[in-house]
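Thanks for coming. I have one structure to go through this morning, and I will keep it short.

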Amino acid sequence: MARIAVLGSGSGSNFQSLYETFGDKIVLVISDQPGAGILEKARRAGIPAVVEKGGFDLCARILDHLEGIDLVCLAGFMRLVKEPLLSAFPHRILNIHPSLLPKYPGLGAWEQAVLDEASESGCTVHYVDAGMDTGEVILQAEVPVLPGDTPESLHERIQVEEHRIYPLAVKSCLARITDEV
Ligand code: GRF
């Protein structure tokens with residue numbers, strides 16, 4: 001059975017949607033934020049939840065936990081993934097980003113869309129490379145930006161789509177990984 005680790009810094013709603021789809025394939029959660037909701041959600045689900053605070057060797061310390069893991073899913077992980085983690089998981093680290101990449105990479109993507117008075121935004125699941133939200137796109141979903149939207153109301157609408165497409169993208173990656181072995 002494939003083994004998935006989820007890394008996150010925030011509330012963990014994407015973790016929750018992955019857990020609801022993949023259940024005990026999710027075997028580990030790691031957060032850099034000791035108070036993050038994702039840790040609480042993981043513990044409630046009976047999944048080992050580890051804290052690794054930042055620092056120059058954060059990615060090496062994270063890698064130490066990932067023995068036997070097939071796929072790493074970033075779910076609101078607010079750090080750049082660097083070596084040695086990147087090379088240890090080629091095409092096996094995924095991220096969910098709240099915009100239609102390559103538009104609005106980095107922080108505050110939903111605020112940017114509202115400030116720009118864009119007519120649509122959305123979310124993207126992509127492979128992680130050394131850049132900031134630059135890796136190959138796996139799946140995207142569009143979301144309208146409505147008159148009167150605030151960054152918060154837009155983000156809420158985007159998250160509904162995040163929770164729908166992240167599990168779909170993970171499913172297709174797991175199918176590829178299973179074919180490889
Ligand atoms: C999501 O909007 C995701 O796109 C972004 O961070 C947010 C994490 O939310 N990278 P959650 O912790 O999964 O609720």
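I will start with the ligand and its surroundings, then turn to a salt bridge and some backbone details.

First, the ground rules. This is a predicted model, so local features need pLDDT of at least 70 and side-chain atom pairs count only at pLDDT 80 or more, while totals for chains, interfaces and linings use all residues. Residues are numbered from 1 along each chain as its sequence is written, and side-chain values use heavy atoms, with hydrogens and water left out.

Now the ligand. The ligand sits in the largest pocket. A pocket here is an open set of points on a 1 Å grid over the protein atoms alone, where a 1.4 Å probe fits, with protein on both sides within 12 Å along at least five of seven lines. To sit in one, a molecule needs more than half of its atoms within 2 Å of the pocket's grid points.

Which elements give two or more residues to the shell around the ligand? They are helix 1 (13-22), strand 5 (93-97) and helix 6 (151-180). Helices (H or I, at least four residues) and strands (E, at least two) are DSSP runs, numbered from the N terminus. Helix 6 gives the most, with three residues.

Residues around the ligand, meaning those with a heavy atom within 4 Å of it, include Ser-11, Asn-14, His-97, His-155 and Glu-162. By class, the shell has two nonpolar, nine polar and one charged residues. Ala, Val, Leu, Ile, Met, Phe, Trp, Tyr, Cys and Pro count as nonpolar, Asp, Glu, Lys and Arg as charged, and the others, Gly among them, as polar.

Next, polar contacts to the ligand, which are pairs of N or O atoms within 3.5 Å. A polar backbone atom of Gly-12 is 2.8 Å from a ligand oxygen. At Ile-96, a backbone N or O atom lies 3.1 Å from a ligand nitrogen.

Away from the ligand, the whole structure has six salt bridges, each a side-chain nitrogen of Lys or Arg within 4 Å of a carboxyl oxygen of Asp or Glu. One of them pairs Arg-79 with Asp-32 at 2.7 Å, N to O. Arg-79 is in the loop between strand 4 (71-74) and helix 4 (85-88), and Asp-32 in the loop between strand 2 (26-31) and helix 2 (37-44), so the pair ties together parts 47 residues apart in sequence.

Last, the backbone. The peptide bond between Glu-83 and Pro-84 is cis, with omega about 5°. Pro-84 is in the loop between strand 4 and helix 4.

Terms used. Polar contact = N/O pair within 3.5 Å; in protein donor to acceptor, adjacent residues only side chain to side chain. 1 Å grid on protein atoms, 1.4 Å probe; cavity = no way out; pocket = protein on both sides within 12 Å on 5 of 7 lines; lining within 4 Å.
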